[in-house]
Amino acid sequence: MVHANHLTVQSDPPYPVVIQPGALADALLPFFAARDFSRVAVITNTTIAPLYGDALADQLPNSLLITVPDGEQYKTLDTIREIYTRLLDGGADRSSVVIGLGGGVIGDMAGFAAATFMRGVAFVQAPTSLLAMVDASIGGKVGVDLPQGKNLVGAFKDPLAVVADTAALKTLPDVEFRCGLAEILKAALIGDPPLLDHLMQHGPQPVEHIIERAAAVKIKIVEQDRLEHGPRAFLNLGHTFGHALEQVSNYTWKHGQAVAVGMAAAVRLSERRELCPSGTARTVEHALAKLDLPTRYTGIDPARLWDAMRHDKKWRDGAATFVLLADIGQPVIVRDVTRAEAVDVLESLRE
Ligand SMILES: NC(=O)c1ccc[n+]([C@@H]2O[C@H](COP(=O)([O-])OP(=O)(O)OC[C@H]3O[C@@H](n4cnc5c(N)ncnc54)[C@H](O)[C@@H]3O)[C@@H](O)[C@H]2O)c1
Ligand SMILES: [Zn+2]
């Protein structure tokens, strides 16, 4: 792959993560020009197709553009079935490749289609949202939702490459950009203290720099724990509280915003337990504010949030699993958080 600077995920086999403005034209097209796939299926949605999908498909050899509706509500087996049909109608076979061009919803679905179509075809991630660039496109987890819950069906499917064209971020809605920043801050808190300093001093610029640093944190974690038995759980900092807030609010809270409040809660709890130095919670709340992310919520009874947390699929054997911080950059898993503690912390963040 042609690129100025890239990261590598040491998987089996290793794959590059290219992060640069213009990467679709400068890295993705040359990659395919040098290879011979029977079909290059670009899977995208109705928002991304007119922005980037049509132009990309026009320039790729043997291309096939598959456009699905935009939204998490379409991350379903019904859409996957539609994708299989379109692949077959378009002449795709075992020597074809699937490119997921879009946010995390598209990446997860395109990857799942690639993992299963004809028992698996080659796959490339072309993330266009900030969240997908730093999180969803890396690590090989792909899948779809069921009516019973999110991401309940899936597979591990490594891509041949991740190609993040940062120029695409100019059309990303601001609220989606903020949601990506929440995951970038998360990466700083669990694995890159200098990234936190950078965010505090310079905000989210230059975006390539903060994407690269956050992606590197995720890469390091998935390299240690590809199949999610151990340290991969650290990626859930802020997510136990966050998922509850998303759910109880009926998803009027977006994931990244909910995770932002969730991180504030996790660090407050860490401080109350004297796990981390005092002042850590203040630092994290400052960082959240600096990135225009919420640190408080209104309404919702904390007891309802606790009930929602208890039904999180990550709570094995009914034990509360929280990621807390021993310090910036030092996540720890804690399994004995009590209802009283959690409700108390959540109450302190309620306006
Ligand atoms: N596989 C993993 O490891 C992993 C990790 C985290 C999240 N996820 C999944 O990722 C999904 C969330 O991803 P997301 O936050 O990217 O949401 P998303 O895919 O819904 O994208 C958010 C919105 O932004 C639009 N968009 C994306 N890029 C754009 C661009 N460049 N210009 C204009 N609009 C653009 C999308 O069309 C969509 O409307 C969830 O389904 C989640 O489960 C997966
Ligand atoms: Zn997340």
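This report describes a zinc site and a helix pair in a predicted model.

## Basis of the model

Local features require pLDDT of at least 70 and side-chain atom pairs pLDDT 80 or more, whereas totals for chains, interfaces and linings use all residues. Residues are numbered from 1 along each chain as its sequence is written, chains are lettered from A and ligands numbered from 1 in the order written, and side-chain values use heavy atoms, without hydrogens and water.

## Zinc site

The zinc ion (ligand 2) has as protein donors Glu-183 (OE), His-239 (NE2) and His-255 (NE2), at 2.0 to 2.1 Å. Donors are N, O and S atoms within 2.8 Å of the metal (3.2 Å for Na, K and Ca); water is not among the atoms, so sites may look incomplete. Glu-183 lies in helix H6 and His-239 in helix H9 (residues 239-248), so this pair ties together parts 56 residues apart in sequence.

Glu-183 counts as buried at 3% relative accessibility, and His-239 counts as buried at 6%; buried means under 20% relative accessible area (1.4 Å probe, protein chains only).

## Helices H12 and H13

Helices, which are DSSP runs of H or I with at least four residues, are numbered from the N terminus. H12 (residues 302-310) packs against H13 (residues 339-348) at about 130°, with the axes 9 Å apart. Axes are lines fitted to C-alpha atoms over the stretch in contact, and angles run from 0 to 180 degrees between N-to-C directions.

Trp-306 and Met-309 are among the H12 residues that meet H13, where the partners include Val-343 and Leu-346; contact means heavy atoms within 4.5 Å.

Notes
Buried < 20%, exposed > 50% of the residue type's maximum accessible area, 1.4 Å probe, protein only. Helix = DSSP H or I, 4+ residues; strand = E, 2+ residues; numbered from the N terminus.
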